Amino acid sequence: MIDNDPKIQRRIDMDLLSRAKTGVVVYGFLLPVVFWPFDFYILQPMLSTVFALSMLFISILRGGHYVITKPLYQYSVKLWRSSFYFLSLCHASILSTFFVFSIFDERFTAILHITMLAIGGISSGALVALIPRIKFALVNLSVLLIPSIVTGIIISEKFAFAVMLALFFGYIAMIGVRSSKEYNRSFETELILDDQKNELERLSKIDALTNIYNRGYFNIEFEKQWEYANRLKLRLSLLIVDVDHFKAFNDNYGHLLGDACLVHVAKIINQVGKRETDIAARFGGEEFVLLILENENENENEKAIKVAEILRRKIERSPFKVDDKLFPVTVSIGVASIQPSHKMDSRQLIEQADSALYQAKHQGRNLVIVHSG
Ligand SMILES: Nc1nc2c(ncn2[C@@H]2O[C@H](COP(=O)(O)OP(=O)(O)OP(=O)(O)O)[C@@H](O)[C@H]2O)c(=O)[nH]1
């Protein structure tokens, strides 16, 4: 389920980045703070300064990586990922060196106990943060702990420390693998829910037969465009398109062919209403609507009349074809155009287009009639 789809991988990477954020801040300031109360800073000024500055330096680089994530990720996912891994491992390596010295070098005795706590905290924290990429989390954990374990085994008087660290390593690695499975499961559930949400959203907008917007969605968008046109003082035009003699079509050729004919007409309406602001929808039965936002410099309903005539002609000239048989189809179109204002009711535009359509039917069909006055 969690496949190589770049979108999914991006989500995992961004989750990884956000989880690692706290660590970057903590690492940059943690150890100088640790040195202070134990006088380590005074006892070993050189060591502590080198250590603190190197941690701070990597934190600053990681901060920079965080800031440029968006363009860097766009430029190259591979580069983003490898720099993230590299900088995380730099932090882990400096910490690991520090752990090795703390456990085995007499100069670090002053802060040994606090370092042991830090080993537990930092290793567990890093593992939890890097869970989205469990293989990398385990590499990071190995870089943090294995050098101390190996050194402990070599220097036999610290063997007990090495055993304790090895047990700790095994234990949290196990917890990490388990948590990563849980992470993947919840991530998969999230993806399934996202897909279902998108599909439900799509279904709530789309007419099941013709695959163009349905009336519910049209109503919502119509109100939005009405408000928009009102604010910008633009004209809003509406075409109501009705298939001519459709009852006879159904009676002659059957409902299934009737359905296919509606799909054919809907496709053409959708093609003609191709501007970003155009909204083509099935209004109900064999009736469709096309909502058009006129340009500022367009006079009256110029654009809508042009589109209506193009649409009428295109449908007339594209007979509906089944098994090499051609079925002529025509439509009548009522056009109305209004510049919305707060005093008007948006239904007025629908009523006017409807009355123009009524006239088109009465004047013989296969006609465009524009509502006047
Ligand atoms: N096949 C099919 N027919 C539908 C659908 N929705 C509505 N209809 C039919 O569309 C026909 C509409 O008929 P009328 O309203 O009488 O209009 P008309 O026959 O097209 O006549 P004019 O509009 O006056 O040209 C009815 O027979 C409905 O059953 C549908 O989804 N599929």
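For my notes on the ligand shell, I count Ala, Val, Leu, Ile, Met, Phe, Trp, Tyr, Cys and Pro as nonpolar, Asp, Glu, Lys and Arg as charged, and the others, Gly among them, as polar. On that scheme I found the residues of the shell dividing into 5 nonpolar, 5 polar and 7 charged.

I note that this is a predicted model, in which local features need pLDDT of at least 70 and side-chain atom pairs count only at pLDDT 80 or more, while totals for chains, interfaces and linings use all residues. Residues are numbered from 1 along each chain as its sequence is written.

I then asked which residues come nearest to the ligand. Of the 17 around it (C-beta atom, placed from the backbone, within 6 Å), these are Asp-244, Phe-246, Lys-247, Gly-258 and Gly-285. Two or more shell residues each come from strand 1 (236–243), helix 10 (246–253) and helix 11 (255–272); helices (H or I, at least four residues) and strands (E, at least two) are DSSP runs numbered from the N terminus.

I followed Gly-285 into the hairpin of strand 2 and strand 3, where 2 residues lie between the strands and Gly-285 takes a positive phi near 50 degrees. Strand 2 (residues 279–284) pairs with strand 3 (residues 287–293) in the antiparallel sense over 5 bridges, pairing requiring at least two DSSP bridges. Within this pair, I saw Arg-282 standing opposite Phe-288.

I also checked burial, calling a residue buried if 20 or more other C-beta atoms, placed from the backbone, lie within 10 Å of its own, exposed if 12 or fewer, and partly exposed in between. In strand 2, 5 of the 6 residues are buried, and in the protein buried residues make up 32% of the 373.
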